[in-house]
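Please look over the sequence and the model shown here before you turn to the exercises. Each task is followed by a solution that can be traced step by step.

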Amino acid sequence: MTEASSARTTRRPHQRRDVIELAALFTAVAAAGALADTVTHGPSGPLLLCSAAVALLATAGFHVWWSRRHENAPPPTDTGATAASPSGPAPGAGGQETVLWRMRTTVRDEPGSLAALCTALGARRVDILSLQTHPLSEGTVDEFLLRAPGTLTPAELTGTVTGAGGAHSWLERADAHDLVDAPTRMLGLATRTALDSSELPLVLRQLLGRCTIRSVPARSLRGQPLAEQVPTEGVLEKHRMKFRDPSGGSLTIERPQLPFTPAEFARVRALVDLDARLGQRVPPRRDVLTLPEGNEITIRRADTSDLAAAREMHDRCSPKTLGLRYHGPVGDADRYLGHLLSPQFGRTLAVETASGRLVALGHLLWDGDETEVALLVEDAWQQRGIGAELLRRLVTMAAETGCESVYAITKASNTGMVAAMRGLGLPLDYQIEEGTLVITTRPTAVPARRTTRQSVRIQDGTGRR
């Protein structure tokens, strides 16, 4: 078809439309003229005019009513469309189960190296949920949060990354908490550190993954120097970081399976500086319990400000009680208190009577990848359920902080500690060597307290209930 014939074809419908519109206009003019002549010269002209006005008003009113009625009507439902589920991310293509992974790998600092890695992951139907880059002098460390098909094994996932140019890859399971973006996560960790001094080791472990954290005091119990002198800005090595502790000691973090990056060093130094600037602090919560005989006791967090009261409690305890607790020379017991009460090394719960006298202490001590629990109850307050209540609370704290195992070291003759551990209702492992008993449990699911003879009231730091 030529351009001229195409133009003629498109012009014909427009010509017919013009003729029809012109005929309609002439018809309307003729009808209007006939109506005007009837109204002006006919005998019923005024009546016809009034009737037309009433009809127009009725029509206008009906139109307004109909518009207001359908103004806020919902749109029609499309039965062919499928609504998106707001309950969360899809399990995967075709309803397949997926697994969250945290992966870190080193790629060459060249254009296209990251694209090749992402393309290889996409070919295995692996979804990249987040990505952080850590530039190094010899390359770039990329940290991924991945959602992979459940049928994809860790070896296959690591092999895919290696085949796409990744080196020194590291992989571990992740959970829903890792879905938070990096700035929000760092703010949450900083808030935990600001509220509680004992949170710093836990926050660092959550930030860095599997690592070993050691806090070394400035001096030993006998006054000998222990901690090395660390520069104010800290020390970054390949698998080790060192920082200066506010009390004069040192904080050492080691991760043999994965080297640290400058970005991680900067984040840890910011958290350590925040902890040093805020000083020692514990949450002000206090729980008031009524014992079966009717006496009220208060359970609260303790720190080094309770050192004098703890020493007075030591003086009231018998040598047998102190020996069962410290399983060593009783004369050295007071020297341990400064270490035990420091939030830097763990958490301590104190039990006070209604008069404010300290009668029991429970310690949860961070020990590398493990956690130690220890109890001391004054002789006059034993056999009243205080030790069992302290132990249950401490093991619950350990579970909340993600500790995989908790152990207690005591003498084999300490039947009270054994009974308290058995009262947790958790699986226990016993190891006895030369009269020393080590009881280990995994606090993954601490049962609720079964006793019904105690009532609990909670007070905040101002004493309000």
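The exercises below go from the model as a whole to single strands, sheets, helices and residues.

**Exercise 1. Describe the confidence and the overall make-up of the model.**

Begin with the origin of the coordinates: this is a predicted model, and the mean pLDDT of the protein is 77, with 71% of its residues reaching 70 or more. Next, look for weak stretches, one of which covers residues 70–91, where the pLDDT is below 50 and where the model has five contacts beyond near neighbours in sequence. Over residues 447–465 the pLDDT also stays under 50, and for this stretch the model has 41 contacts beyond four places in sequence. Then take the totals: the protein has twelve helices and 17 strands, and buried residues make up 37% of its 465 residues. Finally, among contacts with a separation of 6 or more, 62% come from residues 24 or more positions apart.

**Exercise 2. Work out how strand S11 is placed: which strands pair with S11, and are its faces covered or open?**

Start with burial, for which the cut-off is a relative accessible area under 20%. Eight of the eight residues of S11 (residues 346–353) are buried, so the strand is largely enclosed by the rest of the structure. To divide these residues between two sides, recall that in a regular strand the side chains alternate between the two faces of the sheet. On one side lie Gly346, Thr348, Ala350 and Glu352, on the other Arg347, Leu349, Val351 and Thr353, and both faces are covered.

Now turn to the partners. Strand S10 (residues 296–302) pairs with S11 in the antiparallel sense over six bridges, and Ile299 has Val351 of S11 as its bridge partner. With strand S12 (residues 358–367), S11 forms an antiparallel pair over seven bridges, in which Glu352 is matched with Leu358 of S12. The hairpin of S11 and S12 has four residues between the strands, and there Gly356 takes a positive phi near 95 degrees.

**Exercise 3. Trace the strand order in two open sheets and find what packs on them.**

For one open sheet of four strands, the order is S5-S8-S7-S6, with antiparallel pairing. Strand S5 (212–216) and strand S6 (235–236) stand at its edges with a single partner strand each, so one side of each is left without a neighbour in the sheet. S6 meets strand S7 (residues 240–244) over two bridges in the antiparallel sense, with Val235 opposite Lys242 in S7. Helix H6 (residues 200–208) packs on this sheet, touching S5, S7 and strand S8 (250–254), and its direction makes about 25 degrees with that of S8. Helix H7 (residues 262–278) packs on the sheet as well, where it touches S6, S7 and S8 and makes about 25 degrees with the direction of S7.

Another open sheet of four strands has the order S2-S3-S1-S4, again with antiparallel pairing. Its edge strands are strand S2 (127–135) and strand S4 (167–173), each of which pairs on one side only. From one strand to the next the twist averages 20 degrees. Eight bridges join S2 to strand S3 (residues 140–149), and Ser130 has Leu145 of S3 as its bridge partner. H7 appears here too, lying across strand S1 (98–107) and S2 and running at about 85 degrees to S2.

**Exercise 4. Describe the packing of helices H3 and H4.**

Two quantities come first, since two packed helices are described by the angle between their axes and the distance between the axes. Helix H3 (residues 113–123) and helix H4 (residues 154–163) pack at an angle of about 145 degrees, with their axes 9 Å apart. Their crossing is right-handed, and the contact is made by Leu117, Ala120 and Leu121 of H3 together with Leu157, Thr160 and Val161 of H4.

**Exercise 5. Classify His168 and Gln383 by phi, location and exposure.**

Take the backbone angle of each residue in turn: His168 has a positive phi of about 55 degrees, and Gln383 has a positive phi of about 65 degrees, although neither is a glycine. His168 is found in strand S4, whereas Gln383 is in the loop between strand S13 (370–377) and helix H11 (386–400). For the last step the cut-off for exposed is over 50%. His168, with a relative accessible area of 66%, is therefore exposed, and Gln383, at 78%, counts as exposed too.

Conventions:
Residues numbered from 1 in each chain as written. Predicted model: local features only at pLDDT ≥ 70, side-chain atom pairs only at ≥ 80, totals over all residues. Heavy atoms only, no water. pLDDT = per-residue confidence, 0-100. Contact = heavy atoms within 4.5 Å. Buried < 20%, exposed > 50% of the residue type's maximum accessible area, 1.4 Å probe, protein only. Pairing = 2+ DSSP bridges. Axes fitted to C-alpha atoms, helices over the stretch in contact; angles between N-to-C directions. Left-handed = near helix turned anticlockwise from the far one by under 90°.
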